[in-house]
Amino acid sequence: MSKEIMLRNLEKAQREIDEKKDIVKNGRMRQHYHFMAQTGWLNDPNGLIYYKGKYHFFFQHNPYYGFWDYMHWGHAVSDDMLHWEYLPLALAPSESYDDHMRGGCFSGSAIEHDGKLFLIFTGTTNDGKGFEQTQCVAWSEDGIHFEKYEGNPVLRAPEGVPTYQFRDPKVWKHEDTYYMVCGASRDNMAQALLYRSKDLLHWDFFNVLAESRGEWGYMWECPDFYPVGDQYVLMFSPMGAGERTVVYLTGDFDYETGKFVWNKSGEIDWGYDYYAPQSFVAPDGRRLIVGWANAWDWMPFWKDWGPTYKEGWCGSFNLVREVRMTKDGTLQFVPIRELKTLRKDASKQDALVVQEEMGLQAGDGVSFELKFKINLEETDAESFVLDLRCGAGKRTRCMFDFKHAELSVDRNESDGWSEGVSRSAMFLKGKKELDVHIFSDQSSLEIFTDDYRNNHANNVFAGSEQNQIRLFACGGRVTLVDIEAYGMEECSR
Ligand code: FRU
């Protein structure tokens, strides 16, 4: 019976997508090379996995319109993480444990087991006693059509954890055991809870992997735990940690005791539009992460989700980033090398001295990649200003303020819609050069500096007539070297 309800709900949603997708596709604000849903709303990346020769991305999805609601899991596959084929939706709310109208099938992960593709997700419901979130299982023989496990839910909130603060299971395998990390809250402090299982269906509590003492908020959404080099990384999206939206901790983990001793913390991205990243492993062993390029209404800086709902959609993923460990235990988040295959119309320059305002060309000025280094020894200016997506009296201002050692991205004059200035500290001491790498798409900017350790992802809903790049230096000169600029092939429209 319930199998039929899921099928019915999937078919209904699929019909909606098929009817609207061609209209939505032509939306002016749609991205050229960032991943999006065909219609409606998208938030967290879910179930990222390389399975039977393809990359599979699942995602939190409301196919009906451009706002969050009744969560389904969308699904797409790719050979290169750039060109996508959309598959039928994977999950729709259908059961007493996941059918609440303001809930549904929440975030989770994917893993291969017994030759089948398993999805572990959070079911959300409300039977009049408040919201309940439980961990549930679904599987597929063909990697396309999924069926929910009859014994769901497989895990409920432990005592002391409110039933509405227990979600986003991320599962992995180590030797012959499965492990799951789940976001939780106890006494109003965030926790990452670790569980173990032999079959993905029966789970035993193992340990509290890490917890907040207040500094990292009251709830961690979408925690993920994985090795990079000989260290382990716990990353999470904290609720109640001010403007910090994606934090990582690195340290040592012991599978015997379930103890994670961390000694470094950092931010994956300082921009306003980077949240709930999930990791997965590429067949060549790279650890990759994907974030959702937007923010929640409970964040202190939040204004709204942007104007794209008018075109029947909302949400894209940030570029896929490779996680690399540096010698000092901090992490780099490097856009995947596959992106180079989209480059076109290359232009290169060895050096450029900037003083007075000048222009720079990169692709069509809307969809482009721009890379350069600031030669700090040949720079005596107090700051370097890079105005992107300029035109029609608007611009997004990136300021490299050497005097105050701060990078800021100002959206107050970007598009007549967005607001706010994202800021981060720059570490310049003893440095000869500062690397800068920028990806611009129709409705977003991703800026990477300091060896990909200081990053800003921000949505910018600039029109296509905003296609100029302007630069100038304040109080002296700035020397740029190794300048590379490219247009980008379209691949996600
Ligand atoms: C994070 C999140 C998750 C939840 C999902 C609901 O962005 O709030 O905690 O599972 O989104 O769509």
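This report looks at a ligand site and a small set of paired strands in a predicted model.

## Around the ligand

Let's start with who sits around the ligand. The residues there are N43, D44, Q60, W68, M71, F106, S107, R167, D168, E221, Y275 and W296. Sort that shell by character and you get 5 nonpolar, 3 polar and 4 charged residues. Some of the shell comes from strands: β1 (40-51), β5 (104-113) and β9 (166-174) each supply at least two of its residues.

## Polar contacts and cover

Now for some distances. The side chain of W296 has an N or O atom 2.7 Å from an oxygen atom of the ligand. For W68, the distance from a side-chain N or O atom to a ligand oxygen is 2.9 Å, and R167 also has a side-chain N or O atom 2.9 Å from an oxygen of the ligand. How much of the ligand does the protein bury? On its own, the ligand exposes 320 Å², and the protein buries 96% of that.

## The sheet with β9

Strand β9, which helps line the ligand shell, also belongs to an open sheet of 4 strands. The order is β9-β10-β11-β12, and the pairing is antiparallel. Why do β9 and β12 (204-211) each have a side without a neighbour in the sheet? They stand at the edges with a single partner strand each, so one side is left free of a sheet neighbour. From one strand to the next, the twist averages 25°.

Zoom in on the middle of that order. Strands β10 (residues 177-186) and β11 (residues 189-197) run antiparallel and are joined by 9 bridges. As one example of who faces whom, S185 stands opposite A190 in β11.

Key. Residues are numbered from 1 along each chain as its sequence is written. This is a predicted model: local features need pLDDT of at least 70, side-chain atom pairs count only at pLDDT 80 or more; totals for chains, interfaces and linings use all residues. Side-chain values use heavy atoms; hydrogens and water are left out. A residue is near a molecule or strand if one of its heavy atoms lies within 4 Å of it. A polar contact is a pair of N or O atoms within 3.5 Å; within protein, one must be able to donate a hydrogen and the other to accept it, and residues adjacent in sequence count only if both atoms are side-chain atoms. Accessible areas come from the Shrake-Rupley method with a 1.4 Å probe; for residues, only the protein chains shown count as cover. Ala, Val, Leu, Ile, Met, Phe, Trp, Tyr, Cys and Pro count as nonpolar, Asp, Glu, Lys and Arg as charged, and the others, Gly among them, as polar. Two strands pair if DSSP finds at least two bridges between them. Axes are lines fitted to C-alpha atoms, for helices over the stretch in contact, and angles run from 0 to 180 degrees between N-to-C directions.
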